[in-house]
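Biologist: I'd like to learn how to read a protein model properly. Could you walk me through one, feature by feature?

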Amino acid sequence: HWQNIKATRVDETVSESLKINLDAHSFDENGICTGCAYNKNASNGLLFELNEEGTGYVLVGLGDCTDAHVNVPEEYEGLPVVAIGDNAFDVAEEETISLWSNESSTDEEEEKPTTSRRQRVIGITIPKTVISISCTALAECESLVNFIVDSANEVYKAMNNCLIDTVVGSIVRGCEFSVIPEDGSVTIVGSYAFANSEGLVS
């Protein structure tokens, strides 16, 4: 478990050991890990739109959600969440929020670190119902390093710190810790797969 996250700004280099291991987390009453802000519950405040067919919802924006780890729900208003739309995670860079705002401080005068919301998103959980993710959906997430995909999802999987479209054989989104699989399952690197990955050096 990444124990040093409280002392590290989310836009700085983080350890390869950033893995979602439920046994290593310490959850508060809201299901938020007090160590790394992973949310084991579906995130609240996200924006959705009904798809053209009227059969499911598309995640179109972060809305009021300020989770560091965005957990996309399987359903919204009784219908499945089937897609993540264009620029869904894009927010104004100047929008800033306080990190660890749910924690009390012994020093009321201590200034808590802040970061832009696009820097704050460090992880995403994708349910089995999502079958379409826009190539630009996660392009503005500068600090996104952790991907979790429901094992029952028939289109996407997470592997080697990559979000992979298994049907097309492409990397939808990677990060500075990504290792492209050498098993032949990936033949395409998406146009925005490593967009704004500031920590990527080689």
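Modeller: We'll go from the whole chain to the strands, and then to a few side chains. Keep in mind that this is a predicted model.

Biologist: Fine, start with the big picture. How many helices and strands does the protein chain have?

Modeller: The protein chain has one helix and 14 strands. Its accessible surface is about 10,400 Å², and carbon and sulfur atoms hold 44% of that.

Biologist: And what share of the residues is buried?

Modeller: Of the 202 residues in the protein chain, 48% are buried. As for contacts, take those with a separation of 6 or more: 51% of them are between residues 24 or more positions apart.

Biologist: On to the strands. Which way do β2 and β5 run, parallel or antiparallel?

Modeller: For strand pairing, look at the bridges and the direction. Strand β2 (residues 57-61) and strand β5 (residues 79-84) run parallel and are joined by three bridges. One partnership to find on screen is Tyr57 with Val81 in β5.

Biologist: What about β4 and β5?

Modeller: Those run antiparallel: strand β4 (residues 75-76) is joined to β5 by two bridges. Here Glu75 has Pro80 in β5 as its bridge partner. The two strands form a hairpin with two residues between them, and Glu77 there has a positive phi near 50°.

Biologist: How many bridges link β5 and β9?

Modeller: Two, in the parallel sense, with strand β9 covering residues 132-133. Ile84 is partnered by Ile133 in β9.

Biologist: Now side chains. I keep hearing about aromatic pairs; how do I describe one?

Modeller: You give the distance of the centres and the angle of the planes. In this model the count comes to two aromatic pairs. The rings of Phe48 and Tyr76 are stacked, because their centres are 4.5 Å apart and their planes are at 25°, under the 30 degrees that counts as stacked.

Biologist: Where in the chain do Phe48 and Tyr76 sit?

Modeller: Phe48 is in strand β1 and Tyr76 in strand β4, 28 residues apart, so the pair links distant parts of the chain. Phe48 counts as buried at 14% relative accessibility, while Tyr76 is partly exposed at 29% relative accessible area.

Biologist: And what kind of pair do Tyr57 and Tyr76 form?

Modeller: Tyr57 and Tyr76 are edge-to-face, 4.9 Å centre to centre with 85° between the planes. Since Tyr57 lies in strand β2 and Tyr76 in strand β4, this pair ties together parts that are 19 residues apart in sequence. Tyr57 is buried, with a relative accessible area of 10%.

Biologist: Which residues end up in the cluster that the ring pairs make?

Modeller: Phe48, Tyr57 and Tyr76 are linked into a cluster by ring pairs. Recall that Tyr57 is also the residue whose bridge partner in β5 is Val81.

Biologist: Last one: how would I read a polar residue such as Ser43? Is it buried or exposed?

Modeller: Check the accessibility, then the neighbours. Ser43 is in the segment before β1 (47-50). It counts as buried because its relative accessible area is 6%, and the cut-off for buried is under 20%.

Biologist: Then what does Ser43 touch?

Modeller: Leaving out residues up to four places away in sequence, Ser43 touches Cys65, Asp67, His69, Val70 and Asn71. With Asp67 there is also a polar contact between the side chains, at 2.7 Å.

Methods. Residues are numbered from 1 along each chain as its sequence is written. This is a predicted model: local features need pLDDT of at least 70, side-chain atom pairs count only at pLDDT 80 or more; totals for chains, interfaces and linings use all residues. Side-chain values use heavy atoms; hydrogens and water are left out. Helices (H or I, at least four residues) and strands (E, at least two) are DSSP runs, numbered from the N terminus. Buried means under 20% relative accessible area, exposed over 50%, partly exposed in between (1.4 Å probe, protein chains only). Contact means heavy atoms within 4.5 Å. Accessible areas come from the Shrake-Rupley method with a 1.4 Å probe; for residues, only the protein chains shown count as cover. Two strands pair if DSSP finds at least two bridges between them. A polar contact is a pair of N or O atoms within 3.5 Å; within protein, one must be able to donate a hydrogen and the other to accept it, and residues adjacent in sequence count only if both atoms are side-chain atoms. Rings of Phe, Tyr and Trp (its six-membered ring) pair if their centres lie within 6.5 Å; planes under 30 degrees apart count as stacked, over 60 as edge-to-face and the rest as tilted.
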